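This report introduces selected features of the structure shown below to a reader who has not met it before. It moves from loop residues to a sheet and then to the surface.

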Amino acid sequence: MANANPQQHEEVTIHERINSREIKERFIKGKHCSLEELRVQMPRQRPVDYMLKYLMKYIPPYPTPAEFWVSDVAHVTEEYGFMGILKSEQFRPPVSDFSWWDIKINKEEIRAAEMRYVEKNFSIQAEELKKPEAFMETFTTSPLFQPEKSRYGNYRFTFPLTDLMQWYKKQNCGGEEPVLRVYETITYRQEIVYTVLIHSPEDNKLFEEYPLLEASEWVRYKDGRIIWNAQAISETHWYQFVSGEVQRLNTYQFYVWDQVSLVFHLPNCKKIEIDRKRLINALEACKLDNIDLSGYRGPKDQEERFSEAKMKVSELKRELEEEEKEKEIKDDDKIKMEVDP
């Protein structure tokens, strides 16, 4: 369950840096480290690291690892970034060579993960005696599983990963298949991010120090989906999972949570172009989380910004719908003129 028996793990180096949002982060290059590995390595190298307060806790049993097969990815931004994307009809990182995307998990994928967990962890005989009631949604409460919120802005673009990979393949890989690699394990106070590097085959030499994604125990890519073996899905634990039963705890426990980010390599002003219609159809407004990493420094509070985002998104979708109706009318008129000149 949450605390597996310690195993021997290869030594890794935990580095430190300040990221583009001016936030301190720890990172391990070329490896997706398990929670157990981090419990071993971090006290040795970073004995006063703030994550240890959460990472070293005893957490009552919960479903782990849980295998999610994820089809969609999302990019969240604030108003300035949203307007730039819409105007240019492209995703191009402004200050780096990488475009960041997070996996976006829906309810059907959570239910499917629950079924896989039951099949793997409960024998047929036990299942016949007492099949566990629905439980996975009770535990999937970390920020990753709250699609109505984000820490990075009020504007979310969501696309099928298959589409995004095809656009990247066509526009940045000369039609060849992109290469996926184990990039980094990044840690913050409670969050653990497993990053997947996606790049053109022509950059194999540049990134050869990073193993191919097949080397990861926790993240895979198959048939246009990310397969993620999630180890920490709750962040705040209110329940335990014992013998197939969900039991409420007397008090809650704060813990770490993990997630997956995809990092598309876009050097030298390269970009992923997507037409305006697809962008608007993929757009939704989302609330800001209590932790606001959007970089906004203006006078509006979170509610004002969310209301404004909802209004703008609604207007764009309404305008697009009107444009589509006008186009249909014009096409119908054209057909009539051709049939009955």
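## Loops, a sheet and a surface patch

Asn268 lies in the loop that runs between strand 15 (257-265) and strand 16 (272-273). The model is a predicted one. Although Asn268 is a residue other than glycine, its phi is positive, near 55°. Asn268 is exposed, because its relative accessible area of 69% is over the 50% that the term requires.

A positive phi is also found at Asp223, which is not a glycine either; the value is about 55°. Asp223 belongs to the loop between strand 11 and strand 12, and with a relative accessible area of 63% it is exposed.

The two strands that flank Asp223 take part in an open sheet of three strands, ordered 3-12-11, with antiparallel pairing. The edges of this sheet are strand 3 (66-70) and strand 11 (219-222); each has a single partner strand, so one side of each is left without a neighbour in the sheet. On average, neighbouring strands of the sheet are turned by 20° against each other, direction ignored. In general, the strands of a sheet pair through backbone hydrogen bonds, in either a parallel or an antiparallel manner. Strand 3 pairs with strand 12 (residues 225-230) over five bridges, in the antiparallel sense. Within this part of the model, Phe68 stands opposite Trp228 of strand 12.

The loop between helix 2 (52-55) and strand 3 contains Pro65. The peptide bond joining Thr64 and Pro65 is cis, with an omega of about -10°.

Another loop, between strand 2 (24-29) and helix 1 (35-45), holds Ser34. Ser34 counts as buried, since its relative accessibility of 6% is under the 20% limit. Leaving aside residues up to four places away in sequence, Ser34 touches Tyr194, Trp218 and Gln231.

At the surface, Trp238, Tyr252 and Phe254 make a nonpolar patch of about 290 Å². Trp238 is located in strand 13 (residues 236-242). Trp238 is partly exposed, at 37% relative accessible area.

The following table gathers the accessibility values of the residues discussed above.

| Residue | Relative accessible area | Class |
|---|---|---|
| Ser34 | 6% | buried |
| Trp238 | 37% | partly exposed |
| Asp223 | 63% | exposed |
| Asn268 | 69% | exposed |

Methods
Residues are numbered from 1 along each chain as its sequence is written. This is a predicted model: local features need pLDDT of at least 70, side-chain atom pairs count only at pLDDT 80 or more; totals for chains, interfaces and linings use all residues. Side-chain values use heavy atoms; hydrogens and water are left out. Patches are made of residues with over 30% relative accessible area and no salt bridge: like charges are joined within 9 Å, nonpolar side chains (Val, Leu, Ile, Met, Phe, Trp, Tyr) within 5 Å. Accessible areas come from the Shrake-Rupley method with a 1.4 Å probe; for residues, only the protein chains shown count as cover. A salt bridge is a side-chain nitrogen of Lys or Arg within 4 Å of a carboxyl oxygen of Asp or Glu. Helices (H or I, at least four residues) and strands (E, at least two) are DSSP runs, numbered from the N terminus. Buried means under 20% relative accessible area, exposed over 50%, partly exposed in between (1.4 Å probe, protein chains only). Two strands pair if DSSP finds at least two bridges between them. Axes are lines fitted to C-alpha atoms, for helices over the stretch in contact, and angles run from 0 to 180 degrees between N-to-C directions. Contact means heavy atoms within 4.5 Å.
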